[in-house]
Amino acid sequence: MAAEHGESPLHQFTIERLVPIHVGGLDLSYTNSALFMTIAVAAIAAFLLLSTSGARLVPTRWQSAAELSYEFIANMIRDNVGSAGRPYFPFVFSLFMFVLFGNVIGMIPYSFTYTSHIIVTFAMALFIFIGVTLIGLARHGLHFFSFFAPKGMPLALQLILIPIEVLSYVIRPMTLSVRLFANMMAGHTMLLIFSGFVVALGILGVFPLALNIFFILLELLVAVLQAYVFTILTCIYLNDAIHLH
Amino acid sequence: MSDHRTPEDLKSLRERLEKARRDRPQETADDGGNQRGALNSALSVGLRIGLELVVAVGFGTGLGWLIDKGLGSRPWAMLVGLLLGFAAGLLNVWRAMNGMGLAAGYHPAPPVADEDEEDQ
């Protein structure tokens with residue numbers, strides 16, 4: 001969130017190649033986005049490993065925080081998927097922590113928010129989509145496709161309804177990724193626009209400054225909330241695949 | 001739950017803990033969705049629903065446009081895609097509204113999922 005003069009509010013989303021790597025025709029450079037993903041993963045690992053290293057019966061604050069995040073996801077899976085969703089806990093938990101840390105680390109000034117890039121969120125959403133579809137196919141075989149055919153409909157209606165059902169299923173990764181990306185990008189752009197006003201308005205800049213403090217709090221809420229929404233939708237999709245209706 | 005003899009205060013603590021644990025699911029079901037700032041939840045629900053519709057229409061139209069481009073059947077596939085996308089979007093909105101109730105219902109999930117036909 002570099003609030004420098006004359007810089008576009010969208011400049012913060014620029015991808016910079018830190019270590020250019022070109023393999024064949026592919027650009028595999030290590031970018032600032034990748035750097036912050038590495039930081040997030042390192043922070044998650046450090047948080048969970050350090051806080052549980054000296055596990056005690058009466059938890060310390062750090063251990064309590066780690067246990068809370070564990071229980072939060074465990075309850076989410078139990079409530080939304082049931083016991084059949086237990087094998088997928090590691091995936092859902094990693095996903096939640098990755099999105100959460102990405103969002104929250106992005107709130108630190110001068111850092112980079114990798115969840116504000118649609119390609120990142122779309123890659124995650126597509127992975128979830130393919131994974132959930134494969135789980136559904138593996139569990140139910142071809143019966144999985146009855147998912148798209150509403151029961152008890154005349155054939156003429158089925159011809160219209162099945163494409164609609166398929167489309168509404170295929171759209172899932174789009175909405176999942178656009179939601180996270182749009183929230184993060186809009187919030188960060190708004191913060192920077194208002195912080196630009198602070199400088200431009202001189203003494204009157206205290207008003208946008210006060211507003212920005214409020215917005216930063218709001219953005220912190222959005223950062224956590226969007227991580228939650230992303231995860232709970234994953235749970236709901238997983239539930240659909242495991243328990244067909 | 002064991003039969004160990006515990007000092008009186010420990011026993012009462014355990015009772016209170018168990019009571020709190022029993023009450024918790026209902027509490028979260030009631031408070032989590034509604035009480036935590038009516039504005040926030042209404043806003044996020046509204047944004048979520050709006051996005052659901054917009055993305056569906058956009059995706060349907062885009063898919064139709066691509067099919068048109070491939071087959072040279074302008075503008076028909078795009079129009080069909082627009083309508084299908086709109087229908088799929090509405091379906092998703094309807095499901096999301098129903099599914100949110102289910103998702104935040106905090107019942108043990110399997111019976112809910114099996115009994116309800118329209119769970120999202």
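Does Ala125(A) count as buried or exposed, and at what relative accessibility? In this predicted model, Ala125(A) counts as buried, because its relative accessibility is 1% and the buried class covers values under 20%. The place of this residue is in helix 4 of chain A, which spans residues 118-140. Once neighbours within four places in sequence are set aside, Ala125(A) is in contact with Pro173(A), Leu176(A), Ser177(A) and Phe230(A). A further relation links Ala125(A) to Thr234(A): the two stand 109 residues apart along the chain, and 8.6 Å separates their C-alpha atoms.

The confidence of the prediction may be considered next. Chain A has a mean pLDDT of 88, and 97% of its residues reach 70 or more. Among the elements of this chain, helix 3 (residues 89-105) has the highest mean pLDDT, at 95. The lowest mean, 84, belongs to strand 3 (residues 26-27) of chain A.

Helix 4 of chain A also holds an aromatic residue, Phe129(A). Over all chains, a search of the whole structure finds 19 aromatic pairs. In one of them, the ring centres of Phe129(A) and Tyr169(A) are 5.2 Å apart and the planes meet at 45 degrees, so the pair is classed as tilted. Tyr169(A) lies in helix 5 (residues 155-170) of chain A, so the pair ties together parts that are 40 residues apart in sequence. Phe129(A) counts as buried at 18% relative accessibility, and Tyr169(A) counts as buried at 6%. The rings of Phe145(A) and Phe148(A) form another tilted pair, with centres 6.3 Å apart and planes at 40 degrees. Here the two partners fall into separate classes of exposure: Phe145(A) is partly exposed, with a relative accessible area of 42%, whereas Phe148(A) is buried, with a value of 10%. Together with Phe144(A), the residues Phe129(A), Phe145(A), Phe148(A) and Tyr169(A) form one aromatic cluster.

Charged side chains provide another set of links. The count comes to four salt bridges over all chains. In one of these, the side chains of Asp27(A) and Arg17(A) meet at 2.6 Å, N to O. Asp27(A) lies in strand 3 of chain A and Arg17(A) in strand 1 (residues 17-19) of chain A, so this pair ties together parts that are 10 residues apart in sequence. Asp27(A) counts as partly exposed at 35% relative accessibility, while Arg17(A) is exposed, with a relative accessible area of 52%. Arg78(A) forms a salt bridge with Asp79(A), and the closest N and O atoms of that pair are 3.7 Å apart. Within this pair, Arg78(A) is partly exposed at 47%, and Asp79(A) counts as buried at 14%.

A further salt bridge joins the side chains of Glu52(B) and Arg179(A), with an N to O distance of 3.3 Å. This pair crosses between chains, running from helix 2 (residues 38-71) of chain B, which carries Glu52(B), to helix 6 (residues 172-200) of chain A, which carries Arg179(A). Glu52(B) is buried, with a relative accessible area of 4%, and Arg179(A) is buried as well, with a value of 5%. Because buried means under 20% relative accessible area, both residues fall within that class.

The bridge leads to chain B itself. Chain B has four helices and zero strands, and its elements run α-α-α-α from the N terminus on. Of its 120 residues, 22% count as buried. Among contacts in chain B between residues at least 6 apart in sequence, 52% join residues at least 24 apart. The chain exposes about 8,300 Å², of which carbon and sulfur atoms supply 63%.

The surface of chain A completes the picture. Val104(A), Leu209(A), Ile213(A), Ile216(A), Leu217(A), Leu220(A) and Val224(A) form a nonpolar patch there, with about 570 Å² of accessible area together. Helix 7 (residues 206-242) of chain A gives the most to this patch, with six residues. Leu217(A), one of the patch residues, lies in helix 7 of chain A. Leu217(A) is classed as exposed because its relative accessible area is 54% and the exposed class begins over 50%. By contrast, Ala125(A), with which this account opened, counts as buried at 1%.

Methods. Residues numbered from 1 in each chain as written. Chains lettered and ligands numbered in written order. Predicted model: local features only at pLDDT ≥ 70, side-chain atom pairs only at ≥ 80, totals over all residues. Heavy atoms only, no water. Patch = residues over 30% accessible without salt bridge, like charges linked within 9 Å, V, L, I, M, F, W, Y side chains within 5 Å. Areas by Shrake-Rupley, 256 points an atom, 1.4 Å probe, with all protein chains shown as cover. Helix = DSSP H or I, 4+ residues; strand = E, 2+ residues; numbered from the N terminus. Buried < 20%, exposed > 50% of the residue type's maximum accessible area, 1.4 Å probe, protein only. pLDDT = per-residue confidence, 0-100. Contact = heavy atoms within 4.5 Å. Phe/Tyr/Trp six-rings, centres within 6.5 Å; stacked < 30°, edge-to-face > 60°.
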